[in-house]
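This briefing is meant for a reader who is meeting the structure for the first time. It takes up the sheets, then single residues, then the pocket.

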Amino acid sequence: MVRKELIKKDLVKCCDGNGVAHVSYWLSDEENSPNMNMVATLTIAPGDSVGDHTHTGEAELYYIQKGEGEYHDNGKSYTVVPGDVVICYDGDSHGIISTGNEDLVFHAVIVAS
């Protein structure tokens, strides 16, 4: 399979966050494997966020490509910058806020646990 274009969607108040998350899905729902729920690149403007949410039956990994953010991990906050990898395991909660002067761009992968 070869995908020539990403599937783009804007999520307003993603997971009860602020602003808009611009999401570029790498695969359609039909193209994901049974244990892969999502592979995407997200872009959020300074001050915007993906709200804190819990993963059940799955885990999510973020790879920070550009910008700076504040990552929430089960009630604790961490500064994230390009090259950082964070993971939210099954039953845990997380969220992220774009805190820098430029867009925060990160890749997200959700897999069934």
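How many bridges join strand E6 to strand E9, and in which sense do the two strands run? In this predicted model, strand E6 (residues 69-73) and strand E9 (residues 93-98) are joined by 5 bridges and run antiparallel. This pair belongs to an open sheet of 4 strands, ordered E4-E9-E6-E7, while 6 strands form an open sheet in the order E1-E2-E3-E10-E5-E8.

**The sheet of 4 strands**

- The strands of this open sheet follow the order E4-E9-E6-E7, and their pairing is antiparallel.
- Its edges are taken by E4 and by strand E7 (76-80), each of which pairs on one side only, and the twist from one strand to the next averages 15°.
- Within the pair of E6 and E9, glycine 69 has serine 98 of E9 standing opposite.
- On the other side of the pairing scheme, E6 and E7 are antiparallel partners over 5 bridges, and here tyrosine 71 stands opposite tyrosine 78 in E7.
- The hairpin that E6 and E7 make has 2 residues between the strands, and asparagine 74 in this hairpin takes a positive phi near 50°.

**The sheet of 6 strands**

- The order of this open sheet is E1-E2-E3-E10-E5-E8, again with antiparallel pairing.
- Strand E1 (7-12) and strand E8 (85-88) each have a single partner strand, so that each of these edge strands has one side left without a neighbour in the sheet.
- From one strand to the next, the twist in this sheet averages 25°.
- E2 and E3 pair over 5 bridges in the antiparallel sense, and serine 24 has threonine 41 in E3 as its bridge partner.
- E5 and E8 also pair in the antiparallel sense, over 4 bridges, with leucine 61 matched to isoleucine 87 in E8 as its bridge partner.
- The side chains along E8 alternate: Val86 and Cys88 point to one face and are buried, whereas Val85 and Ile87 point to the other face and are not buried.

**Residues in strands E3 and E10**

- Threonine 43, which lies in strand E3, has a relative accessible area of 19% and is therefore buried, since the limit for that class is under 20%.
- Leaving aside residues up to four places away in sequence, threonine 43 touches Val20, Ala21, His22, Asp103, Leu104 and Val105.
- Phenylalanine 106 is found in strand E10, and with a relative accessible area of 0% this residue is buried.
- Among the residues that phenylalanine 106 touches, again not counting those up to four places away in sequence, are Ala40, Thr41, Leu42 and Ile44, together with Val50, Tyr62, Tyr63 and Ile96.
- Although phenylalanine 106 and glycine 69 are 37 residues apart in sequence, their C-alpha atoms are 10.0 Å apart in space.

**Two serines in the loop between E2 and E3**

- Serine 28 has its place in the loop between E2 and E3, where its relative accessibility of 15% makes it count as buried.
- The contacts of serine 28, not counting residues up to four places away in sequence, are with Arg3 and Ile7.
- Serine 33 also lies in the loop between E2 and E3, but this residue is partly exposed, with a relative accessible area of 31%.
- Serine 33 and lysine 66 are separated by 33 residues in sequence, and their C-alpha atoms are 28 Å apart in space.

**The largest pocket**

- The space in the largest pocket amounts to about 170 Å³.
- Its lining is made up of 14 residues, and those that lie nearest the centre of the pocket are Cys14, Cys15, Met38, Leu42 and Glu60.
- At least two lining residues come from each of strand E2 (20-25), strand E3 (36-44), strand E4 (49-54), strand E5 (58-66) and strand E10 (104-112).
- By residue class, the lining of this pocket divides into 11 nonpolar, 2 polar and 1 charged.

Definitions and conventions. Residues numbered from 1 in each chain as written. Predicted model: local features only at pLDDT ≥ 70, side-chain atom pairs only at ≥ 80, totals over all residues. Heavy atoms only, no water. 1 Å grid on protein atoms, 1.4 Å probe; cavity = no way out; pocket = protein on both sides within 12 Å on 5 of 7 lines; lining within 4 Å. Points joined across faces, edges and corners; volume = space filled by probe spheres on them. Nonpolar A, V, L, I, M, F, W, Y, C, P; charged D, E, K, R; others polar. Buried < 20%, exposed > 50% of the residue type's maximum accessible area, 1.4 Å probe, protein only. Contact = heavy atoms within 4.5 Å. Pairing = 2+ DSSP bridges. Axes fitted to C-alpha atoms, helices over the stretch in contact; angles between N-to-C directions.
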